[in-house]
Amino acid sequence: MKSKVKYVSKKRLYPAFGEAHIGKKVVYVRKDLPKIVKKFVKEHELYHLKDKSKVIFWREIKANFYGLFKRPLGFLLCLIMSLAPSRLKFYFNRIVGKE
Ligand SMILES: [Zn+2]
């Protein structure tokens, strides 16, 4: 059975960027994400479908490395987007010495 990729609304998956349904062989990717992030999330979720590991921690590490290898820029942007804006502001202010 071939894996399917479905692009869905932000509301459907928020706060996640994607989701893998192993039984159905379907991955869901949020369509509101930037193009390169969507490509990374797609690779990440598709990896979950073929991964036999049962340990959540390893599943995520492996899927992230696979996505990083396939879509390095998408991985980076995904990482940046995973940080809340309030935290980015906090770091920014620290770096420029405002606080
Ligand atoms: Zn994952």
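Colleague: Of the contacts in the protein with a separation of 6 or more, what share do residues 24 or more positions apart account for?

Modeller: Bear in mind this is a predicted model: local features need pLDDT of at least 70, side-chain atom pairs count only at pLDDT 80 or more, and totals for chains, interfaces and linings use all residues. Residues are numbered from 1 along each chain as its sequence is written. A contact means two C-beta atoms, placed from the backbone, within 7 Å. For pairs with a separation of 6 or more, residues 24 or more positions apart account for 41%.

Colleague: In what order do the 3 strands sit in the sheet?

Modeller: Strands (E, at least two residues) and helices (H or I, at least four) are DSSP runs, numbered from the N terminus. Two strands pair if DSSP finds at least two bridges between them, and strands 2 and 3 are antiparallel over 4 bridges. The open sheet has mixed pairing, in the order 1-3-2.

Colleague: Which strands are left with one side lacking a neighbour, and why?

Modeller: Each of them has a single partner strand, so one side has no neighbour in the sheet. That puts two at the edges: strand 1 (4-8) and strand 2 (18-21).

Colleague: Which element gives the largest share of the largest nonpolar core?

Modeller: A nonpolar core joins buried Ala, Val, Leu, Ile, Met, Phe, Trp, Tyr and Cys through C-beta atoms within 7 Å; buried means 20 or more other C-beta atoms within 10 Å. This core has 12 residues, including Phe17, Tyr28 and Cys78. Strand 3 (26-30), helix 2 (35-50) and helix 4 (72-82) each supply at least two. The largest share, 4 residues, comes from helix 2.
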